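The following exercises concern a single protein model. Each task is followed by a solution in steps.

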Amino acid sequence: MASLLFPVSAIIICMLLVFLSVSETAASSKYDTIALPQYNLPTATFSVTDFGAAGDGKRYDTSHIQAAVDACADAGGGRVRFPPGDYLTATIFLRSGVVLEIEKGARVLGGARLGDYPLESWRWYVVLAENATDVGITGGGVIDGQGMKFVQQINDRKNIMVSWNTTGACYGDECRPRLVGFLGCQNVRVWNIRLMEPAYWCLHIVRCQKTSIHDVSIYGDFDTPNNDGIDIEDSNNTVITRCHIDTGDDAICPKTYTGPIYNLTATNCWIRTKSSAIKLGSASSFAFKNLLFDNITIVDSHRGIGFQIRDGGNVSGITFSNIKISTRYYDPSWWGRAEPIYVTSCPRDSNAAEGSISDVLFVNISAVSENGIFLSGSKQGLLSNLKFINVNVTYRRWTDFPAGLVDYRPGCQGLVNHSMAGIMMEHIDGLVIENMNMRWFENEYKHWDNPLDLRPSTVHNISLFNFQLDRYQQ
Ligand SMILES: *[C@@H]1O[C@H](CO)[C@@H](O)[C@H](O)[C@H]1NC(C)=O
Ligand SMILES: *[C@@H]1O[C@H](CO)[C@@H](O)[C@H](O)[C@H]1NC(C)=O
Ligand SMILES: *[C@@H]1O[C@H](CO)[C@@H](O)[C@H](O)[C@H]1NC(C)=O
Ligand SMILES: *[C@@H]1O[C@H](CO)[C@@H](O)[C@H](O)[C@H]1NC(C)=O
Ligand SMILES: *[C@@H]1O[C@H](CO)[C@@H](O)[C@H](O)[C@H]1NC(C)=O
Ligand SMILES: *[C@@H]1O[C@H](CO)[C@@H](O)[C@H](O)[C@H]1NC(C)=O
Ligand SMILES: *[C@@H]1O[C@H](CO)[C@@H](O)[C@H](O)[C@H]1NC(C)=O
Ligand SMILES: *[C@@H]1O[C@H](CO)[C@@H](O)[C@H](O)[C@H]1NC(C)=O
Ligand SMILES: *[C@@H]1O[C@H](CO)[C@@H](O)[C@H](O)[C@H]1NC(C)=O
Ligand SMILES: *[C@@H]1O[C@H](CO)[C@@H](O)[C@H](O)[C@H]1NC(C)=O
């Protein structure tokens, strides 16, 4: 490994290249998994076909479905059942106490006309619950946003999408309906359902309290921008487990716009995405606190674990455990540069505040990736107390996309040409790495400049214990 030189001039670095057997004390039990909320499936049943729904996929069933939901809610709650069939619909408004039971063989198809959605663009969903309690969706069937009908031009780099921006309801190129939204709800449960082809974000949880999402399968077109999997916004006590997410844009994405996020766990999931598999931000005006991600497999994604903190919110108490990652380059029009782990805080623009990121633990992580780990705080938004324990990263190139760019998007410095490093570090105070294997595939060194890259003036108190560099051997 003579070609891999450490920038050892950094005095502050305490680099202990010894083979300690390190006990795994940081695997704390304070992040106990939040139990799934108790929730009994109501027995009263209202079938949409009894209310006149045709289920032929051609006629709009909106009023019949809504009549069934309203009758169910007025009767004190229950299930609204969709027998096998295709139910084309405009926005369905869920009400308290109602669980949609979309049976196996049934598909709820979101309309593709602007008039199918409410006037205000923030209420554009195929299924929408506002300020409701005890609501859910289940049944083994499908909700399909017919996202391909919103593709103006297919492009395997990135599709060009329709944007309903001429109406003044919203601006820019992201004016399309989301699939399922719970806004200001309590006791939300989404389980045993397939969410397909959203035109925009897929499952959106906003200002909710107690949400469980389990055994959900999400599929979005790989080349469609903004078709995020699960966006958790300004919500507390959310549990995501046993989900399968295969999509173009970010898969599990906590954000803070109007309030903080406390207590989110995501476990036992499989993810593939052309963006970040797990992404905190980039909307980040408030705190992110006490988040746990465990037993997650991330496959062929553009970025594995990402923090894009841009708006001054502070992030702390975040654990990633037992995560397998493979990342690769895709077209640079998508954010991400094949980083298995990407932790950044910087001001989105000159008016934005800088948030700090602290107490973050990565334990039992193994990654194969085309690019290195990127850890970058900013002057007023330091990264502190980061721990990496039992981490194996194997570097291997298998696409032809050019390397040597670091990605600060959105905002900040944008894309910057930079030498390649196993771990790049900026603006950090306190980083411990214990039991790390950093390995390079044979004959692949030529792409790489340094295992570790840091400017001592911005990086303090770094400790490495049992840090091994080697070539990868099968
Ligand atoms: C990490 O992996 C080790 C060995 O498989 C296991 O004993 C330990 O419980 C894991 N730690 C966490 C936090 O899951
Ligand atoms: C939901 O609650 C919020 C906050 O109280 C309120 O502003 C909004 O109008 C409510 N929405 C509906 C549809 O009741
Ligand atoms: C409207 O959306 C189109 C298509 O995405 C985009 O090219 C255009 O810039 C948008 N126009 C405005 C005024 O936002
Ligand atoms: C989440 O908890 C925080 C801290 O208690 C609180 O400020 C916030 O309003 C809560 N959010 C919701 C949606 O209940
Ligand atoms: C977060 O979870 C902890 C532990 O279960 C609980 O004590 C706390 O009240 C929760 N926070 C919020 C804002 O609900
Ligand atoms: C991890 O998640 C997978 C599903 O992705 C599941 O099959 C497996 O049992 C989980 N492992 C543990 C230890 O829970
Ligand atoms: C983040 O922490 C800093 C330093 O404690 C504090 O000044 C700032 O108000 C916090 N930001 C938010 C959005 O709470
Ligand atoms: C890392 O690799 C070592 C040696 O190949 C192996 O013993 C260890 O289990 C691996 N750890 C993880 C988290 O994959
Ligand atoms: C990176 O460097 C290349 C070659 O020098 C140049 O063409 C390209 O514009 C640079 N990209 C950025 C983002 O600076
Ligand atoms: C260095 O970091 C370690 C662990 O993050 C912490 O315990 C210690 O107090 C820090 N030392 C200094 C001098 O800041």
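**Exercise 1.** In which strand does arginine 439 lie? Determine its exposure and its contacts.

*Solution.* The model is predicted: local features need pLDDT of at least 70, side-chain atom pairs count only at pLDDT 80 or more, and totals for chains, interfaces and linings use all residues. Residues are numbered from 1 along each chain as its sequence is written, while chains are lettered from A and ligands numbered from 1 in the order in which they are written.

Step 1. Arginine 439 belongs to strand S34, residues 428–440 (strands are DSSP runs of E, at least two residues, and helices runs of H or I, at least four, numbered from the N terminus).

Step 2. Around arginine 439 there are 17 other C-beta atoms within 10 Å, so the residue is partly exposed; 20 or more would make a residue buried, and 12 or fewer exposed, with C-beta atoms placed from the backbone.

Step 3. Beyond its neighbours within four places in sequence, arginine 439 contacts Thr394, Asp470, Arg471 and Tyr472 (C-beta atoms, placed from the backbone, within 7 Å).

**Exercise 2.** Characterise the protein as a whole.

*Solution.* Step 1. The protein has one helix and 36 strands.

Step 2. Its radius of gyration is 23 Å, close to the 23 Å of the globule rule for 474 residues, so the protein is as compact as a globular protein of that length (taken over C-alpha atoms; the rule is 2.2 Å times the number of residues to the power 0.38).

Step 3. Buried residues form 50% of the 474 residues.

Step 4. Of the contacts with a separation of 6 or more, 76% join residues 24 or more positions apart.

Methods
Two residues are in contact if their C-beta atoms, placed from the backbone, lie within 7 Å.
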